[in-house]
Amino acid sequence: MKNLLEIEHLSTHFTTEEGTVRAVDNISLRIRSGETVCIVGESGCGKSITALSVMGLIEEPSGKVVEGSIHFGDKDLLKLGKNELRAIRGNEIAMIFQEPMSSLNPVITIGEQIIEPLMVHMNMGKREAQKQAIRLIEQVGISRAEQIARSYPHELSGGMLQRIMIAIAISCNPKLLIADEPTTALDVTIQAQILDMLRKFKQESGMSILLITHDLGVVAEMADYVIVMYSGKIVEEGEVVELFSNPKHPYTRGLLKSKPIINQRQDELYSIPGQVPNPLELESSCYFHDRCDNCMAICRTDEPALKEITIHQKVACWLYEEGALHVHS
Ligand SMILES: Nc1ncnc2c1ncn2[C@@H]1O[C@H](COP(=O)(O)OP(=O)(O)OP(=O)(O)O)[C@@H](O)[C@H]1O
């Protein structure tokens, strides 16, 4: 399978009055055609900023991609002008967010909002676009499509709105769909329906998905390949079965321990003690060291590199570096 998206050494920083936030710090990842890659990690680890960097939606001048390349097919997205990028966005790459209301215009009907990109990106005439909009609304499992097309966003439930966002996202047959916490705000039943729908569209169209979530249940359902981020860096990555059955990084193990197990009663859900470090105060070290049960002296002073430990898995942790084990504290 060919790589559809190749991110190499991407760093995205924010300049604030207190200092520089290295929101994304030298990450590389690949997504092949038809593959679902999930980025997982706690709040603030850089998941959304990675997605926004790909979409060219980092707000300058406070935010800036300071290093790296993002190849989509044969184009480096970071080298494209605003118009070229806009043509790719919503067409070859589509994105859905956690909060659909923030992406929809409250004073324009649902139908018009689906029709517009069809006319712009797919060169459809108004009539054809209207018909296609109805088909798309039906395709995302909404009945009474014509009535819904005439509605305004505030008249629909959160689950319905997210279906509409998916309809807009798939309307131009994107090669890549970026979904940032698409089901987080929804209840579990609706969440399962939305995930099923995404899987179905993926199978039918062969599109790739970059799915951002903090929910390992969603990862288990959806991912082919998993990237675990912590404080702007990738700390572990691998194929989903491998990563879930044999997690290597103490952070990944902690995340998996804090995941509820279906049909198993747990009195109290484990949560990783401590907090993510202040992004302004990151010194050379493993950023997870003060939350880690396996912390060694070297973890406090030196940053471990992301290294391949099997062909299916990479980890950035001193536990897997020969020699480092002798400096236990
Ligand atoms: N506009 C901004 N100015 C300064 N810092 C920012 C800005 N946007 C994001 N950051 C910082 O960048 C880091 C990464 O944020 P990001 O939104 O990517 O995290 P996330 O993993 O997606 O978290 P969440 O799950 O809460 O969305 C955080 O430390 C955040 O505070």
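This short presentation describes the surroundings of a ligand and then a sheet.

The model is a predicted one: local features need pLDDT of at least 70, side-chain atom pairs count only at pLDDT 80 or more, and totals for chains, interfaces and linings use all residues. Residues are numbered from 1 along each chain as its sequence is written.

I begin with the ligand. It is surrounded by 16 residues, where a residue is near a molecule if its C-beta atom, placed from the backbone, lies within 6 Å of it. The closest are Phe14, Ala23, Ser43, Ser48 and Ile49. Strand S1 (3-16), strand S2 (19-32) and helix H1 (47-55) each supply at least two residues of this shell; helices (H or I, at least four residues) and strands (E, at least two) are DSSP runs, numbered from the N terminus. H1 gives the most, with three residues. By type, the shell holds six nonpolar, nine polar and one charged residue. Here Ala, Val, Leu, Ile, Met, Phe, Trp, Tyr, Cys and Pro count as nonpolar, Asp, Glu, Lys and Arg as charged, and the others, Gly among them, as polar.

I turn now to the sheet. Eight strands form an open sheet of mixed pairing, in the order S6-S7-S8-S3-S9-S10-S12-S11; two strands pair if DSSP finds at least two bridges between them. Strand S6 (93-96) and strand S11 (307-310) stand at the edges with a single partner strand each, so one side of each is left without a neighbour in the sheet. The partner strand S7 (residues 176-180) pairs with S6 in the parallel sense over four bridges. Within S7, leucine 177 stands opposite alanine 94.
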